[in-house]
Amino acid sequence: MPITKLEKELAAVGISIAAGCRPCTDFHMKAVREAGAEDTAIREAVEQAAALRAAAAGVMRAYGLAHLGDAETAPPAAVAADRQPILTGLGAAFAVNCTASLERYIAAAGPAGVGTEEIVEVAKLARFIKGKAASHVDRRIEALEKDFASQPAEACCGA
């Protein structure tokens, strides 16, 4: 079953939140409303993405501490069995590079009626949004570099 415009935009909102991209969030909030989403559905996508982002940070925290000998593990995030939360979760997991969550969502996709073609479509959307988020940060760093390069040497080096 192809992804509907509404499903895609709800997933895009979640991806934008997970990727930490304000311009993307602004764009997809407008688009999801135009697609007919209700506040409840939008709120669910936002909350799911924020929770997945936090869970991904917990997974990496535990992984990092394990290198110091800590046996602490992060509990896996729950995966809903419904189509929309799986589409949103797949995209958000991709956006935050959380392979553990991504694998759980992929495993839950089939039973929820989400096929491989749809998983790939959401992954491509997430890749695009994640790239946009990174480009916003890159432009900010480039502006800082330009400002730094234009300063006189004594202003930046204390000479």
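1. Starting with the fold: the protein has 7 helices and 0 strands, and keep in mind that this is a predicted model. Read from the N terminus, the order is simply α-α-α-α-α-α-α. The radius of gyration comes out at 19 Å, well over the 15 Å that the globule rule gives for 159 residues, so the protein is more spread out than a compact globule.

2. On dimensions, the C-alpha trace spans about 65 × 50 × 25 Å along its principal axes. As for burial, 33% of the 159 residues count as buried.

3. Now the surface. The protein exposes about 9,500 Å², and 59% of that area is supplied by carbon and sulfur atoms. The charge tally is 17 positive and 20 negative, and the mean positions of the two sets are 3 Å apart.

4. How does the chain come together? Take the contacts between residues at least 6 apart in sequence: 72% of them join residues at least 24 apart.

5. The inside is worth a look on your screen. The largest nonpolar core has 30 residues, and the ones with the most contacts inside it are Ile-15, Ile-86, Leu-90 and Val-114. Five helices each supply at least two residues of this core: α1 (5-19), α3 (39-66), α4 (83-95), α5 (99-109) and α6 (116-150). The largest share comes from α4, with 7 residues.

6. If you want one residue to centre the view on, try Ile-86. Leaving aside neighbours within four places in sequence, Ile-86 is in contact with Val-79, Ala-80 and Ala-81 on one stretch of the list, and with Tyr-105, Ala-108, Ala-109, Ala-112 and Val-114 on the other. Apart from the largest core lies another one, of 6 residues, among them Val-32, Ala-37, Ile-42 and Ala-45.

7. One charged residue deserves its own point. Glu-118 is found in helix α6. Is Glu-118 buried or exposed? Buried: its relative accessibility is 5%, and the cut-off for that label is under 20%.

8. Which residues is Glu-118 in contact with, once neighbours within four places in sequence are left aside? The list holds Met-1, Pro-2 and Ile-3, plus Arg-83 and Gly-113. To see this spot in the model, start from α6, where Glu-118 is found, and look for Arg-83 among the contacts of Glu-118.

Methods:
Residues numbered from 1 in each chain as written. Predicted model: local features only at pLDDT ≥ 70, side-chain atom pairs only at ≥ 80, totals over all residues. Heavy atoms only, no water. Helix = DSSP H or I, 4+ residues; strand = E, 2+ residues; numbered from the N terminus. Rg over C-alpha atoms; globule rule 2.2 N^0.38 Å. Buried < 20%, exposed > 50% of the residue type's maximum accessible area, 1.4 Å probe, protein only. Contact = heavy atoms within 4.5 Å. Areas by Shrake-Rupley, 256 points an atom, 1.4 Å probe, with all protein chains shown as cover. Lys, Arg positive; Asp, Glu negative; His and termini not counted. Charge placed at Lys NZ, Arg CZ, Asp CG, Glu CD. Core = buried A, V, L, I, M, F, W, Y, C linked by side-chain atoms within 4.5 Å.
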